[in-house]
Amino acid sequence: MKLSGSDIIVRTLIEQGTDVVFGYPGGQVINIYDSLYKYRDELKHILTAHEQGASHAADGYARATGKVGVCIATSGPGATNLVTGIATAYIDSVPMVAITGNVPNSTIGTDGFQEIDITGITLPITKHNYFVGSIDRLAPTIREAFRLAKSGRPGPVLVDVPKDVQVAMGDYEPQAPVEADASSAAKDIRIEQAAATINAAKRPFVYFGGGLITSGAQEELLAVAEKIDAPIGCSMMGISGVPTDHPRFLGMQGMHGHYACSMAMHQADCIVALGCRFNDRVTGDRAKFAVGTKIVHIDIDGAELGKTVTLAHGLRGDVKKTLQKLLPLLEQKTHLQWQTTVAHLREEERQGTDSRDGMTPRNVIQILNRYLQENTPVATDVGQHQMWAAQYLNLKKTRRFISSGGLGTMGFGMGAAMGASMGTGERVVLVTGDGSFGMNLNELATAVANQVPLVILLLNNGVLGMVRQWKTLFFDKHYSNTTLDARQTDFVKLAQAFGAQASRALTLEELETALDQAFACDGPYLIDCAIDKDEFVLPMLPPGGSMDDIITRIGD
Amino acid sequence: MKKFTVAILVNNQFGVLNRVTSMFRRRQFNITSLTVSETESESFSRITVQSEGDEVKKEQLINQLYKLPDVCSIAELDNVDTVGRELLLIKLRNDPEVRGDIRSASDAYEGKVVDYTKDSIMIQMVGDSRKIDNFINLMRDFEILEICRTGLVTLQRGATTIRRVTNL
C-alpha cells in the first residue's frame with residue numbers, strides 16, 4: 001500500500017511490536033505526530049516534559065521489559081536533548097530506537113533552522129545510526145534499527161529522518177517483527193579449557209554483570225555456583241539478576257560493594273565472570289586487581305574480553321548458551337575451607353553493618369523493602385542514594401533494579417521510573433536524592449498527566465552527598481558548590497504544585513505513614529525524606545585503590 | 001612500539017570512513033597510515049590502516065572494529081605473507097651540482113623522474129614503507145621541496161582474499 005513516510009514510521013513501529021513511544025513534538029516531526037494521532041488506538045504516545053525525559057523513559061521501559069524502548073524528538077535541540085539518554089543506554093547496553101526528524105534533504109548542510117548533525121553527534125554513543133535519505137529506505141532502516149538494537153550486546157540505534165522523507169509517499173507492506181540475530185555459545189574447545197581451570201579451583205567465585213540479565217541466564221548461573229560450590233557476587237548492573245536473599249549471594253562488588261562480596265572476590269583463586277566488563281569502579285587499581293586469580297570471562301561482546309583485565313580464558317558467546325555447555329563439564333565440588341572463609345567474611349560484614357536507629361539510609365531502604373512486591377521495579381538516580389539502594393534493597397525478580405550504571409546519569413530516575421511502570425504495568429518506586437531529582441523534576445508533570453503509580457522516595461540531605469563524601473575524605477572538607485540548602489526548595493509544595501501528592505518524613509514513623517499513603521495512591525506520590533548530610537556510603541574503595549585500602553568506617 | 005597493519009572491508013557508503021576513524025579516535029588508537037579505495041565490488045570499500053601497539057591493543061582494535069555494523073571483514077596483514085606497497089612523490093630542488101647524485105640515488109632505488117624543470121625534479125617511487133623511508137632519508141642531504149606519500153596498500157599473497165574470511 002502507498003503511505004506517507006510519517007505513516008510508514010508509525011506503522012513500522014507498530015509492526016515491530018512497539019506499544020508505547022515517548023517523545024516531544026516539534027517542527028520537523030510534525031508529520032510524525034499527525035500519524036501518531038491517526039494511529040492513536042494502536043500506539044500510545046507519552047508526552048514528556050523534556051526530550052531527555054523521553055529518552056530515559058524509553059530506557060527504563062527497555063530495562064524493565066527487555067523489549068526495545070522507543071523515543072521520538074524533533075531536529076536540533078530536540079535531538080540533542082536525547083543525547084544524554086542515548087549515551088546512558090549505550091554504556092549500559094539497553095536496546096533503544098531513537099527517531100529524530102531533520103530538515104528536508106534540500107536544506108541539509110546549509111545550517112537550516114534547527115538543523116543539527118545528530119548522526120554525527122551520536123556516532124560514539126550508538127551501536128549504529130542512520131540518516132534516511134529516501135522514502136524507499138525508511139521501513140527497511142527502521143526494521144534494521146530494531147534488529148541491531150536487540151541483537152548481540154543490545155544498545156541504542158538512532159534513525160534520523162528528514163522532513164521531505166516523512167512527507168513523501170512510498171510503498172509499505174507490514175512485516176513480522178524482526179528477530180534478534182541468533183546468538184551462539186562460545187567455542188567448545190574454549191569451554192573445555194575453561195572447565196578444566198574452574199575444576200582445579202579451590203576458591204571459586206561466580207561474578208556477573210548486566211549481561212546475565214540480558215541473556216536470561218539466572219538459572220544456569222545458580223546451577224554453576226551450586227555445582228562448583230562458589231559464592232556469587234555482581235556488579236551494580238547485575239543487581240536483581242539473582243534474588244537478593246539467595247543464600248549464595250554476597251551482593252554487589254566494587255567501589256561501594258558489600259564488604260563480604262568484594263573481599264571474597266579479592267581472595268578467590270578463580271573468578272567465573274559473566275556478562276560484565278570490569279570497569280574501574282569494579283577493579284580499582286587494575287595492577288592490584290585479582291592478582292594471581294584465574295579469570296574466566298564469558299561475554300557476547302568479544303571486545304570486552306581482556307579489555308581491562310588479563311584473563312585466563314576469554315569466552316565469546318551468549319552467557320546462557322555457554323553456561324549450558326559448561327555445566328556438564330564441571331565437577332561437583334565442596335570447598336569446606338572456602339565456605340568457612342566466606343562465612344567469616346559475612347560475619348565481619350554483619351558486625352560492621354550500620355545498626356544505628358533513626359533515619360539512617362539503611363533503615364529507610366529497609367522500611368521501603370517491606371512495601372515492595374515481587375514485581376515492583378525500583379529505579380534510582382545517581383549518587384549516595386543509588387548506592388544505598390544497591391546495598392540494601394531486597395529484590396526478588398530480575399529486571400527490577402533500574403539504575404544508570406556506566407554513565408552515572410543524575411536525572412535518569414524520573415523518566416526511567418515512568419518507563420519501567422508503563423512497560424510492566426506495575427507501581428514503581430524511584431529512590432532519588434535532592435541533587436538528582438532537581439535535574440529532571442519537570443517530569444513530575446508527565447507522571448501527573450498519565451497518573452503513573454510512582455512512589456518517589458526523595459532522600460533529602462540538602463547536599464550533593466556523594467561529592468560531599470569525597471570532599472570530606474580527600475579534599476579537606478572544601479565543600480565547593482555541593483551544599484544545596486541555599487536553594488530552599490520545598491519539595492512537598494513543589495510536588496503539590498505539579499498536581500502530585502506529597503508528604504514529609506522526618507522520622508521512621510512518619511516514613512511508614514507516608515509509604516502507606518504512597519502505596520495506596522493512584523498517581524505519583526513524593527516523600528521528602530530527611531537524611532543527615534554527613535551520612536557516608538560505606539564501605540568505600542578509594543578511587544584507584546585496591547581491597548587493601550578499603551574504608552569500612554569513618555573516624556571523627 | 002610495534003606496528004601492525006589491518007585491512008578492513010566496509011560497506012561502500014558515505015560516512016563509513018568517519019565511523020571507523022571515529023572509533024580510532026575515541027579509543028585512542030594511533031593511525032600511522034591510512035588508505036581508502038574502491039574495490040573489485042561496488043558494494044565494498046577497502047580501508048588499510050596501520051597502527052601501533054602490543055598484541056592486546058591489536059586484538060582490542062580488531063574486536064572493536066568488528067562491532068561496527070558497516071565493517072564486513074577484517075584481515076590482519078603481517079609482513080611475511082603479504083605484499084605491501086606505498087607510492088611516493090618527492091620534489092627536490094634542481095641544482096646542477098647535485099642533480100647527478102639525485103638521479104643515481106633514484107636509479108638505485110628504481111625511482112622514476114616524472115617531472116623535470118629548471119628548478120625542480122620530481123621522483124616517483126613505489127616500494128614497501130621501509131624502502132620509501134630510506135629513500136627519503138637519503139634525499140635529506142638535498143633540498144626537499146615537497147613530499148607526498150599514499151600510505152600503505154596491502155594484499156595477501158596467494159589466492160586468499162579478505163572476502164574469503166566471511167564468504168562475501
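Entry 1: Thr122(A)

I count helices (H or I, at least four residues) and strands (E, at least two) as DSSP runs, numbered from the N terminus. With that numbering I located Thr122(A) in the loop of chain A between α6 (118-121) and β6 (128-131). I note here that the model is predicted.

I then asked whether Thr122(A) is buried or exposed. The cut-off for buried is 20 or more other C-beta atoms within 10 Å. Thr122(A) has 24 C-beta neighbours inside 10 Å, so I entered the residue as buried.

Leaving out residues up to four places away in sequence, I found that Thr122(A) touches Val83(A), Ile86(A), Asn129(A) and Leu158(A). I also looked up the pair Thr122(A) and Val431(A), which are 309 residues apart along the chain. Their C-alpha atoms are separated by 29 Å.

Entry 2: α3(A) and α5(A)

I next looked at helix α3 (residues 51-65) and helix α5 (residues 83-91), both of chain A. I read an angle of about 20° for their packing, with the axes 7 Å apart. Because of that angle, I describe α3(A) as roughly parallel to α5(A). The crossing of α3(A) past α5(A) is right-handed.

Which residues make the contact? On α3(A) I listed Gln52(A), Ser55(A), His56(A) and Asp59(A). On α5(A) I listed Thr84(A), Gly85(A), Ile86(A), Thr88(A) and Ala89(A). Sorted by class, this contact has 2 nonpolar, 6 polar and 1 charged residues. I had already met Ile86(A) as one of the residues that Thr122(A) touches.

Entry 3: α11(A) and α14(A)

I took a second helix pair from chain A, α11 (residues 218-228) and α14 (residues 319-326). These helices pack at an angle of about 35°, and their axes are 9 Å apart. I recorded a left-handed crossing of α11(A) past α14(A).

The contact is formed by Glu220(A), Leu221(A) and Val224(A) of α11(A) with Lys320(A), Leu323(A), Gln324(A) and Leu326(A) of α14(A). By class I have 4 nonpolar, 1 polar and 2 charged residues for this contact.

Entry 4: domains of chain A

I looked up the domain assignment of chain A, which gives domain 1 (2-171), domain 2 (188-351) and domain 3 (361-537). The centres of domain 2 and domain 3 of chain A, taken over C-alpha atoms, are separated by 30 Å. I noted 15 residues from domain 2 and 16 residues from domain 3 in the contact between these two domains of chain A. The domain 2 side of that contact consists of 6 nonpolar, 8 polar and 1 charged residues.

Entry 5: domains of chain B

For chain B the division is into domain 1 (3-76) and domain 2 (84-153). I have their C-alpha centres at 30 Å apart. Here 6 residues of domain 1 of chain B are in contact with 5 residues of domain 2 of chain B.

On the domain 1 side, the elements giving two or more residues are β2 (31-38) and β3 (44-52) of chain B. β2(B) gives the most to that side, with 3 residues. I sorted the domain 1 side into 1 nonpolar, 5 polar and no charged residues.

Entry 6: chain B against chain A

How many residues does each chain give to the contact? I have 11 residues from chain B and 8 residues from chain A. On the side of chain B that touches chain A, two or more residues each come from α1 (16-26) and α2 (55-66) of chain B. I entered α2(B) as giving the most to that side, with 6 residues. The residues on the chain B side divide into 3 nonpolar, 4 polar and 4 charged.

Note on methods: Residues are numbered from 1 along each chain as its sequence is written. Chains are lettered from A and ligands numbered from 1 in the order in which they are written. This is a predicted model: local features need pLDDT of at least 70, side-chain atom pairs count only at pLDDT 80 or more; totals for chains, interfaces and linings use all residues. Axes are lines fitted to C-alpha atoms, for helices over the stretch in contact, and angles run from 0 to 180 degrees between N-to-C directions. Angles under 35 degrees count as roughly parallel, over 145 as roughly antiparallel, 65 to 115 as roughly perpendicular and the rest as oblique. A crossing is left-handed if the near helix is turned anticlockwise from the far one by less than a right angle, and right-handed if clockwise. Two residues are in contact if their C-beta atoms, placed from the backbone, lie within 7 Å. Ala, Val, Leu, Ile, Met, Phe, Trp, Tyr, Cys and Pro count as nonpolar, Asp, Glu, Lys and Arg as charged, and the others, Gly among them, as polar. Domain bounds come from an automatic or database domain assignment. A residue is buried if 20 or more other C-beta atoms lie within 10 Å of its own, exposed if 12 or fewer, and partly exposed in between; C-beta atoms are placed from the backbone.
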